[in-house]
Amino acid sequence: MQFYIDPYFPDGINAVGDAGMAGFEEKRPLYLSASKKFLGHYREEIRRLHENGASGTEVTHLICDMSDELVNKLFHCIVEDIDGSRTLMEHITLVAVGGYGRGELNPFSDIDIMFLHDGALPKQSVEDVAQKLLYFLWDMRLDVGYSVRVISDCVEMAAADATVKTALMDARFMTGSRPLFDALYKVIFTQILPKSSDKFIKEKMADMKVRREKYGSTVYLLEPNLKEGEGGLRDLQTAMWVARVKYKFTNPKELIIKGVLNEEELQSYHDALDYLWRIRNELHYFNGRKNDQLTFDAQVHLAGFFGYRDRGRALAVEDFMRDYYRQANRVEHFASSLVSRCIWRDEGAMRILGYFVRRPVGDGCFVLKGELIIPDETVVEKNPTVLMRVFELAQKHGVSLNVRVKGLIRRSLHLINDKFRRNREVNQSFMNILRAPRDVTETLRRMHHVEFLNRFIPELEHIYCKVQHDIYHIYTVDIHTLFAVEEAERMLNNEPGGTLAFPCEVAAQIGKRELLILAVLFHDIGKGEGGGHAEKGAAMIPTIARRMGLSREDSERLAFLVRQHLLFAHIAQRRDLHDERMVVQFARQMETSENLKMLYLLTVADVRAVGSDVWTTWKALLFQELYEKAFSVLERGEFHLEASSERVKAVIRKVAETLEDEFPATLVRDELKAMPVRLLLSNDQLLIADHARLLMGLEESDLLMRIVHQQESGYSEFTICALDMPGLFSRITGVMAANGVNILGAQINTSRNGKVLDILQVNSPQGFVITDEARWQKVQEDMRRVLHGKVDVAELVEKRQRPSLLTARPAPRFPTRVEFDNEVSEDYTVIDIYTHDKVGLLYLITSTLTHLGLYIGVSKISTKVDQVADVFYVRDIFGHKIIDEGKLAEIRNRLCTTIDEWV
């Protein structure tokens with residue numbers, strides 16, 4: 001495309017010495033109008049080309065050419081209006097720097113310009129030209145950065161600031177004095193680039209480290225930054241900057257001549273740039289501004305724009321992001337490979353020196369300067385088993401893989417066939433890696449990074465770069481899996497950290513650590529196959545186990561762990577752990593204590609790997625409680641419960657003895673007989689005695705409350721004792737919501753004498769124990785006013801506005817889901833509600849259940865970022881489970897409608 005700006009600038013407005021117009025300021029409105037028309041026309045033309053499939057490279061270069069045409073024209077007009085003799089042009093040069101200098105502009109990229117002058121003119125004259133041009137461009141809403149310098153400034157500032165050095169590396173002549181620019185260019189290559197090149201490379205490596213800490217140290221973040229994130233544009237730019245400092249080239253093709261890159265590698269560099277630019281162009285157009293974050297909503301749009309379509313259960317956006325991650329992985333490999341070559345380039349001396357200092361470690365591998373190297377690369381072709389041994393040896397000697405070894409592995413992936421996968425020596429080596437006392441996860445990460453792991457275990461290809469389009473998983477499935485392996489390794493190596501002390505104890509008791517690692521590695525393997533991933537994953541295990549030579553017992557245990565990997569968390573977080581029948585049923589499913597131990601550890605690893613905020617002290621306590629109760633059943637081998645009536649009588653007798661000095665015996669026995677059976681059978685006698693004291697205290701007061709802080713456990717226990725009334729629990733949850741108190745769980749105990757004892761586990765929305773006494777006084781005061789009918793709880797909830805800790809961001813939306821379980825409990829219908837969190841949600845649900853004539857016995861609340869899974873054990877007004885299909889449908893419809901319409 002050719003850009004013609006002159007037709008937009010009528011002859012009269014840029015005629016030198018035009019008598020009709022005194023100067024630039026008078027002509028400015030005409031310049032502005034002409035420039036806007038020019039930009040408007042060609043921007044639209046370029047966007048049309050982009051939408052019709054123009055490459056990223058073509059569009060970025062066209063935007064750059066268009067910007068050149070405009071900036072140069074305005075610069076000339078300004079200079080001519082200021083200086084009719086044009087002598088200014090002999091002393092000043094307009095230089096594009098940074099991305100603009102490289103000719104890489106996306107639709108809303110910054111334009112960086114340097115006004116270079118030779119010092120012969122007063123600096124103010126140059127500043128005057130610069131200011132006129134800049135204010136003009138700013139008025140056109142262009143993001144322009146600028147500097148006014150002489151060549152000596154450039155040398156001085158580049159020495160002090162690596163950012164200036166990189167900007168100058170990309171300097172490009174625009175207009176003005178060509179000899180002056182040529183002088184700058186010569187200085188760049190003779191003084192600026194050679195100066196402190198090693199220091200510059202170190203600074204760029206440090207910058208990269210800082211950048212990854214800020215934007216994510218993995219390619220596989222679910223909302224990656226296209227420019228600054230790992231595998232993004234900045235990685236490619238950094239690699240080229242480092243190479244340019246090292247090899248002083250003007251065109252990347254020179255790297256082929258110098259033997260640094262081959263033609264295929266250079267082409268992959270250009271292809272990667274083109275791919276990222278095309279995405280960035282559309283990202284800018286979609287947002288209408290400069291933006292490099294691939295947010296969820298942007299991903300959905302981009303997938304559609306690039307022609308991806310939903311395929312059954314596989315979403316278009318997941319396929320698009322999978323391709324993006326693959327490309328980002330290749331970018332990261334290219335960038336790190338090129339940088340490593342620049343750092344390790346002094347090969348003449350190195351080879352001679354290396355021969356004497358390298359240490360042989362077997363199979364043609366050597367250790368040199370903390371890296372594993374393979375001097376004779378033909379050993380891999382002759383004996384492919386070396387491909388697995390490389391990883392085992394690096395792990396054993398605590399060294400990393402040299403970049404050339406990584407490249408060799410990538411080039412040799414075709415050697416990994418079925419024969420290789422069944423090879424006994426290969427599988428023995430793999431098991432050695434998994435049994436090792438250190439660096440198991442690090443070794444698996446290396447295998448994953450060079451795409452060796454998927455080739456060796458092809459079933460893992462299903463989850464490679466697999467996106468989980470929700471707000472609480474922040475990594476792709478494969479990376480989540482590796483984080484889970486890391487968590488398992490921490491427990492196996494006894495690295496206690498607060499809530500990990502108990503899991504570490506359990507981990508020390510398991511028989512085969514490699515089996516646990518395999519279970520974690522394979523737990524989500526069925527996710528790439530659509531719904532029901534646990535069953536689908538388990539179905540893959542026998543084939544994998546046969547290839548690896550596992551025993552039948554190990555194969556069956558592995559399949560069991562993959563099949564049941566969701567069960568432990570589901571029971572612990574969403575079922576009543578005081579229900580002994582349910583615990584016994586769960587223990588039966590475990591079959592052996594070894595299965596229970598491994599499933600517990602797998603679940604802890606899985607939950608902790610989702611994200612740092614997902615594993616809490618509360619969850620740790622729930623998991624430990626379920627483990628200990630199930631373990632006790634398995635160790636006793638008692639799968640049949642003692643008749644509850646006999647146990648209840650025994651508990652009442654012992655508790656009555658405890659309280660005989662405080663209350664009349666008849667009063668105590670009557671109170672205990674009225675208490676719910678599950679309360680008597682699921683707590684120790686001292687606690688039951690405490691509950692009885694509270695309940696008997698209602699003879700003197702109609703409302704009693706108590707708060708006990710459990711600092712180590714991260715919550716407070718709020719106990720409220722009152723006379724029963726319709727919707728009591730709903731009112732309690734409303735008061736808590738109105739005061740910003742987060743409810744983790746609740747046990748609702750209604751005695752036969754009309755008294756209620758509700759026990760709530762609570763903390764702050766941020767997960768801290770609330771210790772502010774004034775706040776608790778306010779909660780208690782509001783509770784009294786609500787329960788005594790002096791204030792409407794709905795009004796309190798409406799006044800409450802949740803403070804936003806994070807700016808709201810679009811997230812994938814899922815419809816509210818309501819499910820019923822009439823099997824797990826003998827006495828209650830269990831309602832599972834899955835929806836998006838919102839202020840007062842628990843109050844909304846409980847008040848709806850009350851209006852439906854349901855009594856709540858147990859409530860468990862589980863929140864992941866903005867999604868909740870609330871569980872309610874309910875009965876009807878006659879104390880029966882709800883089994884009528886019509887009534888269940890009514891409950892589901894009412895809950896879904898109420899929740900979805902709540903603002």
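The legends below describe an overall view and several close-up views of a predicted model.

**Figure 1. Overall view of the predicted protein model**. The protein contains 903 residues, and buried residues make up 55% of them. Along the principal axes, its C-alpha atoms fill a box of roughly 115 × 75 × 50 Å. The chain forms 39 helices and 16 strands, and a search of the whole structure for aromatic pairs finds 29.

**Figure 2. Close-up of helix 9, which runs from residue 233 to residue 247**. This helix has 15 residues, and at 1.5 Å a residue it should span 21 Å; the C-alpha atoms at its ends are 21 Å apart, so the model agrees with the expected value. Helix 9 is mostly covered, since 14 of its 15 residues are buried. Just after helix 9 comes Lys-248, which takes a positive phi of about 55°. When looking along such an element, it helps to recall that an α-helix has 3.6 residues a turn, so residues three or four places apart point the same way.

**Figure 3. Close-up of the aromatic pair formed by Phe-115 and Tyr-146**. The two rings meet edge-to-face, with their centres 6.4 Å apart and an angle of 75° between their planes. Phe-115 belongs to strand 2 (residues 111–117) and Tyr-146 to strand 3 (residues 144–149), so the pair ties together parts of the chain that are 31 residues apart in sequence. Is each partner buried or partly exposed? Phe-115 has a relative accessible area of 0% and is therefore buried, whereas Tyr-146, at 35%, counts as partly exposed.

**Figure 4. Close-up of a nonpolar surface patch that includes Tyr-146**. Tyr-135, Trp-138 and Tyr-146 form this patch on the surface, and together they have about 310 Å² of accessible area. Tyr-146 thus takes part both in the patch and in the aromatic pair with Phe-115.

**Figure 5. Close-up of the aromatic pair formed by Phe-568 and Tyr-600**. The arrangement here is tilted, with 5.6 Å from centre to centre and 55° between the planes. Phe-568 lies in helix 27 (residues 567–574) and Tyr-600 in helix 29 (residues 593–610), so this pair ties together parts that are 32 residues apart in sequence. Phe-568 is buried, with a relative accessible area of 0%, and Tyr-600 counts as buried at 1%. Both residues also belong to a cluster linked by ring pairs, whose other members are Phe-502, Phe-586, Trp-615, Phe-623, Tyr-627 and Phe-631.

**Figure 6. Close-up of Arg-581 in helix 28**. Helix 28 covers residues 580–590, and within it Arg-581 is partly exposed, with a relative accessible area of 30%. For a sense of distance across the model, the C-alpha atom of Arg-581 is separated by 55 Å from that of Leu-283, and the two residues are 298 residues apart along the chain.

**Figure 7. Close-up views of two cysteines, Cys-721 and Cys-896**. Where does each cysteine stand with respect to the cut-off for buried residues, which is under 20% relative accessible area? Cys-721 has a relative accessibility of 0% and so counts as buried, and Cys-896, at 17%, also counts as buried. A disulfide is a covalent bond between the sulfur atoms of two cysteines. The structure holds zero disulfides.

Notes:
Residues numbered from 1 in each chain as written. Predicted model: local features only at pLDDT ≥ 70, side-chain atom pairs only at ≥ 80, totals over all residues. Heavy atoms only, no water. Disulfide = S-S within 2.5 Å. Buried < 20%, exposed > 50% of the residue type's maximum accessible area, 1.4 Å probe, protein only. Helix = DSSP H or I, 4+ residues; strand = E, 2+ residues; numbered from the N terminus. Expected span 1.5 Å × (residues − 1). Patch = residues over 30% accessible without salt bridge, like charges linked within 9 Å, V, L, I, M, F, W, Y side chains within 5 Å. Areas by Shrake-Rupley, 256 points an atom, 1.4 Å probe, with all protein chains shown as cover. Salt bridge = Lys/Arg side-chain N within 4 Å of Asp/Glu carboxyl O. Phe/Tyr/Trp six-rings, centres within 6.5 Å; stacked < 30°, edge-to-face > 60°.
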